[in-house]
Amino acid sequence: QLQLVESGGGLVQPGGSLRLSCAASGFTLDYYAIGWFRQAPGKEREGVSCISRNGGTTNYADSVKGRFTLSRDNAKNTVYLQMNSLEPEDTAIYYCAKHSVGYCSDSVSSYGYWGQGTQVTVSS
C-alpha cells in the first residue's frame with residue numbers, strides 16, 4: 001500500500017519550466033520529510049530539494065537555488081517540485097522519497113521509500 005508516484009517529466013527547452021508531482025498513498029505525507037533527488041547517466045544520485053514535516057523548512061541544492069521551488073499540498077497528499085529556468089545540466093531522472101522521520105537529510109540511505117522516477121530532459 002505504501003507508494004510514491006512521480007509524474008510531470010518530459011522534454012523542455014533551456015529556460016523552460018516543468019512541474020513535477022509526487023503523489024503518496026498508504027501513508028500521510030505530511031507526517032514525513034519528503035525529498036527530491038535526481039540521477040543523470042553515469043552519475044550518482046544527488047539531493048535536489050527537501051521539505052520537512054508540516055512544512056517547517058525547505059532545503060535546496062546550490063545548483064537549483066532560485067530556480068526550483070518545493071511545496072506540499074496536504075489535502076491531495078502530494079508534493080510538487082516547480083522547476084524554472086531549466087538548464088541542460090538539469091537533465092536526469094527525478095525521484096521523490098520519504099524520509100523515515102520528519103526532518104530533512106542529504107543522505108540517500110535515510111530515505112526508505114522511493115518512487116520509480118520521472119525523466120526530465122532539457123535540450124534545445
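**View 1. S21 on strand β3.** S21 sits in strand β3, which covers residues 18-25. The model shown here, as in every view, is predicted. How much of S21 is accessible? Its relative accessible area is 17%. That value is under 20%, so S21 counts as buried. Neighbours within four places in sequence are set aside for its contacts. What remains is V5, E6, S7, W36, T78, V79 and Y80. Of these partners, W36 and V79 are also listed among the residues with the most contacts inside the largest nonpolar core.

**View 2. The largest nonpolar core.** This core holds 26 residues. Which of them have the most contacts inside it? They are L20, W36, F68, V79, L81, M83 and Y94. Several strands supply two or more residues each: β3, β4 (34-39), β5 (46-51), β7, β8, β9 and β11 (118-122). The greatest contribution comes from β3, with 4 residues. Apart from this core lies another one, of 5 residues. Its members include A33, F37, A97 and Y111.

**View 3. F68 and its partners.** F68 is one of the residues with the most contacts inside the largest nonpolar core. Residues up to four places away in sequence are not counted here. Beyond them, F68 touches R38, V48, Y60, L81, Q82, M83, N84, L86, D90 and Y94. Three of the names on that list, L81, M83 and Y94, also stand among the residues with the most contacts in the core. D90, another partner of F68, is the topic of the next view.

**View 4. D90 in a loop.** D90 is found in the loop between β8 and β9. Is D90 buried or exposed? Its relative accessibility is 1%, so D90 counts as buried. Leaving out residues up to four places away in sequence, D90 touches R38, R67, F68, S85, V120 and V122. R38 is a contact of F68 too. V120 and V122 fall within the range of β11, residues 118-122.

**View 5. S85, with a positive phi.** S85 shares the loop between β8 and β9 (92-99). Its phi is near 50 degrees, a positive value in a residue other than glycine. The relative accessible area of S85 is 40%, so this residue is partly exposed. S85 is among the residues that D90 touches.

**View 6. N77, with a positive phi.** Where does N77 lie? It is in the loop between β7 (68-73) and β8 (78-83). N77 is not a glycine, yet its phi is positive, at about 55 degrees. With a relative accessible area of 16%, N77 is buried.

**View 7. The whole chain, for orientation.** The protein chain has 11 strands and 0 helices. From the N terminus on, its elements run β-β-β-β-β-β-β-β-β-β-β. The C-alpha trace spans about 40 × 30 × 25 Å along its principal axes. How does the radius of gyration fit a compact globule? For 124 residues such a globule would have a value near 14 Å, and the chain has 13 Å, which agrees. Of the 124 residues, 40% count as buried. Among contacts between residues at least 6 apart in sequence, 58% join residues at least 24 apart. The accessible surface comes to about 6400 Å². Carbon and sulfur atoms account for 45% of that surface. The chain carries 10 positive and 10 negative charges, and their mean positions are 6 Å apart.

Key. Residues are numbered from 1 along each chain as its sequence is written. This is a predicted model: local features need pLDDT of at least 70, side-chain atom pairs count only at pLDDT 80 or more; totals for chains, interfaces and linings use all residues. Side-chain values use heavy atoms; hydrogens and water are left out. Buried means under 20% relative accessible area, exposed over 50%, partly exposed in between (1.4 Å probe, protein chains only). The radius of gyration is taken over C-alpha atoms; the globule rule is 2.2 Å times the number of residues to the power 0.38. Contact means heavy atoms within 4.5 Å. Accessible areas come from the Shrake-Rupley method with a 1.4 Å probe; for residues, only the protein chains shown count as cover. Lys and Arg count as positive and Asp and Glu as negative; His and the chain ends are not counted. The place of a charge is taken as NZ of Lys, CZ of Arg, CG of Asp or CD of Glu. A nonpolar core is a set of buried Ala, Val, Leu, Ile, Met, Phe, Trp, Tyr and Cys residues joined through side-chain atoms within 4.5 Å.
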